[in-house]
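Morning, everyone. I have one structure to walk through today. Please bring it up on the screen.

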Amino acid sequence: PPWQKNHDELLNLYTKALNLITNINLNKNHIAYAIIYNSIGLNYYYQMDYEKSIIYYNKAIHVLESINTEHYYISITNKNIAQVYTELNDYVNAEKYYKKSLEIAINIFDRNNYIVSDIYLELGNLYFKIKKYDYALNIYKKALLVQENLDNNHNNIYKNEIYALI
C-alpha cells in the first residue's frame, strides 16, 4: 500500500536519528532517545504492529523515568500504550494504562489541563466500548468539567464531542 512507503521512510529516518545521537555519545537517558522511541512506537502503531509499538513505548518510558518520574511525556506514552491494548482488545491492560496515564497527568497538571481531559475522554470511550456505561458516563462528566474550566482559556477541544457522548 502507498502509506506503507511513508511509514518505512519514517522508520528509516528514526533509525538514522538513533544512530546519530548514539554516534555523538549522547547520554542514553537523554530526552531525544525517548522522543525517537515514542515516535517509532507511534509509527508501528499506525502500521498495526502493536507488539513492536509497545516495545518502543516502553523504551521511551524507561528513558523518561530515568530523567524524571513525573515527566508529562510519561503520561502521554502510557496513554499511547493504552490505545494499543485497546486495539488488541486487551481491555484490562488498556484500563490499567489509561489510569496510570491519568494519575501522572493529574499529578503534574492538576485537573484542569487538556491532556487530563483527553485521557478522561479516551478512558470513557474504553468503558463505553466494553459496555460499562455508568463508568463511561462518570468519566465523560469529568472530561466535560475539565473542558468547561478550559473554556475560559479558549483551549476547549472536546466539549461538543463530550456533550454528544453524554
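**Loops, then helix packing**

Start with Met48, which sits in the loop between helix 2 (31-46) and helix 3 (50-67). Helices here are DSSP runs of H or I with at least four residues, numbered from the N terminus. Before going on, a word on the source. This is a predicted model, where local features need pLDDT of at least 70, side-chain atom pairs count only at pLDDT 80 or more, and totals for chains, interfaces and linings use all residues. Residues are numbered from 1 along each chain as its sequence is written, and side-chain values use heavy atoms, leaving out hydrogens and water.

Back to the loop. Met48 is not a glycine, yet its phi is positive, about 65°. Most residues other than glycine have a negative phi. Met48 is exposed, at a relative accessible area of 56%. Exposed means over 50%, buried under 20%, and partly exposed in between, using a 1.4 Å probe and protein chains only.

Now Lys131. This residue lies in the loop between helix 6 and helix 7 (133-151). Its phi is also positive, about 65°, and it is not a glycine. Lys131 is exposed, with a relative accessible area of 59%.

Next, helix 4, residues 72-87. Its 16 residues reach 23 Å from first C-alpha to last, close to the 22 Å expected at 1.5 Å a residue. That expected span is 1.5 Å times one less than the number of residues. Of the 16 residues in helix 4, 13 are buried, so the rest of the structure largely encloses it. Just after helix 4, Asn89 takes a positive phi of about 60°.

On to packing. How do helix 5 and helix 6 pack? Helix 5 (residues 91-109) meets helix 6 (residues 114-129) at an angle of about 160°, with axes 9 Å apart. That makes the two roughly antiparallel, a label for angles over 145 degrees. Helix 5 contributes residues including Tyr98, Leu102 and Phe109, and helix 6 residues including Ile119, Tyr120 and Leu123. Contact means heavy atoms within 4.5 Å. By class, this contact has 14 nonpolar, one polar and four charged residues. Nonpolar covers Ala, Val, Leu, Ile, Met, Phe, Trp, Tyr, Cys and Pro; charged covers Asp, Glu, Lys and Arg; polar is the others, Gly among them.

Last, Tyr120 in helix 6. Is Tyr120 buried or exposed? Buried, with a relative accessible area of 3%. Beyond four places in sequence, Tyr120 touches Leu102, Ile106, Arg111, Ile139, Lys142, Ala143 and Val146.

How values were computed:
Axes are lines fitted to C-alpha atoms, for helices over the stretch in contact, and angles run from 0 to 180 degrees between N-to-C directions. Angles under 35 degrees count as roughly parallel, over 145 as roughly antiparallel, 65 to 115 as roughly perpendicular and the rest as oblique.
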